Amino acid sequence: MTQSEGRPFWQGLCAVLVLGFVAAFGLAPLYFWPATVAAFFLLPNVFRFAHSRRQMALLGWAFGTAYFAHGLVWIVEPFLVDPERHAWMAPFALLFMSAGLALFWAAAFGAAARLSRTPDGRAWALIATLALAEFARAYVLTGFPWAGLAQVWVDTRAAQMLAWGGSHWVALLSTGAALAAGQLLVSPWSMRRAVLGSLPAVCFVGGGYVAENLQPKTSETGKIVRLIQPNAPQHQKWDPDYVWQFFERQLVLTAQGDRPDLIVWPETSVPQWLNNADPLLRQVVVAAGGTPVALGIRRADGPRIFNSLLYLDETGAQASVYDKHHLVPFGEYVPFGDVLAKFGIYGFAANAGQGFSAGIGPALVSMGALGKALPLICYEAVFPQDLNSAPERANFILQITNDAWFGARSGPYQHLAQARMRAIEQGMPLLRAANTGVSAMIDPLGRVTDSLPLGESGALDVSLSAPFPPTVYSRFGDLPIFILIVLTLLTVTLLQGSSHRNK
């Protein structure tokens with residue numbers, strides 16, 4: 001890769017913009033994983049356009065910006081709920097979010113160029129540095145791992161490898177397979193290169209087959225759970241002309257048919273603060289007819305407000321409250337919110353100042369005969385490390401969410417895909433009650449066994465699956481894969497140093 005090759009850098013930038021856009025077709029709702037594989041497969045062919053580490057980093061930034069702009073296009077939807085106030089911000093939010101997340105990938109491409117000056121070494125280094133960048137994206141500044149590279153495999157047997165090492169493990173194997181194979185196209189042929197370049201693909205494909213066959217068989221608990229989906233569009237959800245219609249709709253759906261073992265309402269489904277909601281909760285208890293209910297509600301504790309899940313037991317008593325702990329920056333709270341509020345900048349879901357407060361962390365809620373639930377409120381399902389931080393193993397995962405914020409295109413389906421990944425990683429069934437959909441029963445293999453479509457109201461009675469034994473990932477989390485990535489980087493660095501000394 002030298003200037004003498006005479007390839008204009010702008011052509012490389014154009015190429016990676018196209019490849020990044022194409023790569024995002026693997027995300028929900030299309031799940032067209034061949035597009036993602038093809039994009040990473042062709043990346044090594046574009047490296048030759050970069051004549052310096054800086055240009056290599058710019059290629060990574062352009063590739064990432066195009067990928068995230070396509071994959072996260074749903075992020076404009078919250079700004080369109082109140083378009084007169086917020087619509088002007090939508091394109092800037094998408095641009096800044098995409099370009100900001102792409103900085104992690106820029107760092108990965110730049111680091112790969114620094115670690116190795118040879119084409120082969122650069123491709124192998126990028127496998128590790130990109131995986132490390134995705135780790136940083138998942139953890140730094142509270143993290144935002146949405147549109148992670150493992151998500152494209154959620155409908156394939158490869159997803160079962162999530163139980164072994166989580167999303168970073170699957171992303172490492174899949175991008176490694178594509179990049180190593182793609183490097184074979186631009187390197188002189190040799191048997192050694194062919195074997196090494198094919199090895200990651202063999203491990204990835206073979207690992208998927210092995211993981212699928214090693215998974216236990218699913219079974220049922222015999223318990224029935226009713227998921228309530230009121231379908232309240234976000235622009236009407238808190239409108240006084242509609243709010244009581246949606247509440248009444250949930251009461252009717254709760255009371256219909258035979259009595260299940262648990263009824264679940266979605267996030268913020270009660271239109272009163274918990275402190276003042278006793279009359280409404282009595283109506284819920286009557287409609288439930290002796291069935292326990294888990295529902296989303298807001299509550300205040302002095303000046304602090306919380307986004308919470310309330311569990312009403314079979315007697316109607318308020319048995320447990322769980323407060324959401326992983327909040328959405330600029331959605332549920334604004335950093336330095338008290339200062340920014342003076343300039344009219346608030347969180348979308350908050351009413352003033354710094355917005356919602358965070359709960360104490362992951363916790364379990366005892367739900368009678370169903371056992372213990374690990375509750376997740378909306379965005380918390382995006383973070384696999386949070387589930388591993390629970391104080392003990394639950395019997396099932398319970399997610400309540402309001403995906404009306406995400407619109408009706410890709411956002412809700414990508415959120416569902418990540419919930420499916422959490423089920424596989426933990427080897428636990430996941431119950432999902434979503435305001436506008438998709439409400440679903442997800443078994444420990446990540447399969448949606450029953451669901452209510454997006455944009456429809458209804459009640460869905462589902463059979464709760466039994467959990468699997470603890471998975472490898474639920475026991476050890478991300479640490480083993482992080483160590484593997486660091487060792488890979490050290491190996492590439494040592495081999496590069498050895499190569500220079502031999503010359």
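Colleague: Which residues lie nearest the centre of the largest cavity?

Modeller: Let's start with the general idea. Rolling a probe the size of a water molecule over the atoms shows where empty space is left. In this predicted model, the largest cavity has 23 lining residues, and those nearest its centre are Glu134, Gly148, Leu149, Ser167 and His168. Its volume is about 220 Å³.

Colleague: Which helix gives the most to the lining of the largest cavity?

Modeller: Helix 6 does, with six residues. Helix 7, helix 13 (384–388) and helix 14 (411–426) also supply at least two residues each. By type, the lining divides into 13 nonpolar, seven polar and three charged residues.

Colleague: How many cavities of 30 Å³ or more does the structure hold?

Modeller: Five. The second largest holds about 80 Å³ of space, and its lining includes Trp238, Phe246 and Phe247. Helix 10 (residues 243–255) gives the largest share of that lining, four residues.

Colleague: And the pockets? Which residues are closest to the centre of the second largest pocket?

Modeller: That pocket has a volume of about 840 Å³. Among its 28 lining residues, Asp120, Trp124, Leu196, Val492 and Leu495 are the closest to its centre. Helix 6 and helix 7 each supply at least two residues here too, as do helix 8 and helix 16 (479–502).

Colleague: Now to the surface. Which residues make the nonpolar patch of about 480 Å²?

Modeller: Trp164, Val210, Leu214, Val472 and Phe476 make it. Helix 8 (191–214) and helix 15 (472–476) each give two or more residues to this patch.

Colleague: Where is Trp164 found?

Modeller: Trp164 is in helix 7 (residues 162–186). Its relative accessible area is 31%, so Trp164 counts as partly exposed.

Note on methods: Residues numbered from 1 in each chain as written. Predicted model: local features only at pLDDT ≥ 70, side-chain atom pairs only at ≥ 80, totals over all residues. Heavy atoms only, no water. Patch = residues over 30% accessible without salt bridge, like charges linked within 9 Å, V, L, I, M, F, W, Y side chains within 5 Å. Areas by Shrake-Rupley, 256 points an atom, 1.4 Å probe, with all protein chains shown as cover. Salt bridge = Lys/Arg side-chain N within 4 Å of Asp/Glu carboxyl O. Buried < 20%, exposed > 50% of the residue type's maximum accessible area, 1.4 Å probe, protein only. 1 Å grid on protein atoms, 1.4 Å probe; cavity = no way out; pocket = protein on both sides within 12 Å on 5 of 7 lines; lining within 4 Å. Points joined across faces, edges and corners; volume = space filled by probe spheres on them. Nonpolar A, V, L, I, M, F, W, Y, C, P; charged D, E, K, R; others polar.
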